[in-house]
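Trainee: I would like a close look at a single part of this model. Please take one residue and then the empty space.
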Amino acid sequence: KGIPVLAVNYKAYPTAFGETGLAIALTAEKLAEEYDGIIRFILAVPATEIVRISESTDKALVYAQHADPVEPGAHTGYLPLEALKEAGAKGTLLNHSEHRIRLSDIDTIVRRATQLGLETLVCADTPTAAAAAAILSPTMIAVEPPELIGTGVPVSKAKPEVITSTIQLVRMVNPDVPILAGAGITTGEDAATAIKLGANGVLVASAVMKAKDPEAKLLELAEALAKAAEKKS
Ligand code: G3P
């Protein structure tokens, strides 16, 4: 459980690539240094950006957005965990609603990632799917109702019961895995509400990637998470 997590999924937004993607990462890195031991920053960047962004970050952990259940070999276009690690990733998102994979593949990838020393953040669209994923012992779980993703309508306000039932169900099978809430989280208040409901952090995308000022948005989210976590302890 520990310190709250602020995970930013770059997706394939135009800002995710090249200089703008790197600039967002540098901002996150600066905040990760300031909030060292207070907030854990994760940046799930496009595969093409892993090398560039991981070379310029340290405290902000670089994740891939997906990995394939294959070992290095004759697999054209696939992303083996070994390749992500070699590129500098510290972990990977798995089973995002925009990139779903089967449970048996999540199982294989989580096991292999653990052997390789890579973290895994498994996404689920419902509390029951989150519990199914939690039994595989990933590093973290995120629950995101797909219908709220990218809408700016925060799960923590529109569907708080999704967060609370996820916590309840996941804790039955895995007492320790951090549980993140995502979909529509836009303001510091949305993030703080998720923490109040019992989440261990948030997974955000458009709020940061489409922000006029991503630095200000990251700061707003970080401050709110830190305050909410402090109040709880
Ligand atoms: O992975 C995070 C994402 O699916 C949530 O998207 O844009 O609603 O923050 P967004």
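Is E215 buried, partly exposed or exposed?

Mentor: This is a predicted model, in which local features need pLDDT of at least 70 and side-chain atom pairs count only at pLDDT 80 or more, while totals for chains, interfaces and linings use all residues. Residues are numbered from 1 along each chain as its sequence is written, and side-chain values use heavy atoms, with hydrogens and water left out.

E215 is partly exposed, at a relative accessible area of 35% (buried is under 20%, exposed over 50%, partly exposed in between, with a 1.4 Å probe and protein chains only). E215 sits in helix α10, residues 214-232 (helices are DSSP runs of H or I with at least four residues, numbered from the N terminus). Leaving aside residues up to four places away in sequence, E215 touches T27 and K30 (contact means heavy atoms within 4.5 Å). With K30 there is also a side-chain polar contact of 2.7 Å (a pair of N or O atoms within 3.5 Å, where one must be able to donate a hydrogen and the other to accept it; residues adjacent in sequence count only if both atoms are side-chain atoms). Y35 is 180 residues from E215 along the chain, and their C-alpha atoms are 14 Å apart.

Now the empty space. The largest pocket (an open set of points on a 1 Å grid over the protein atoms alone, with protein on both sides within 12 Å along at least five of seven lines) has a volume of about 230 Å³, taken as the space filled by probe spheres set on points joined across faces, edges and corners. Its lining has 13 residues, with N9, K11, Q65, H66 and H99 nearest the centre (lining residues have an atom within 4 Å of a point).

Technical notes
On a 1 Å grid over the protein atoms alone, a cavity is a set of points where a 1.4 Å probe fits but cannot get out, and a pocket is an open set with protein on both sides within 12 Å along at least five of seven lines; lining residues have an atom within 4 Å of a point. Helices (H or I, at least four residues) and strands (E, at least two) are DSSP runs, numbered from the N terminus.
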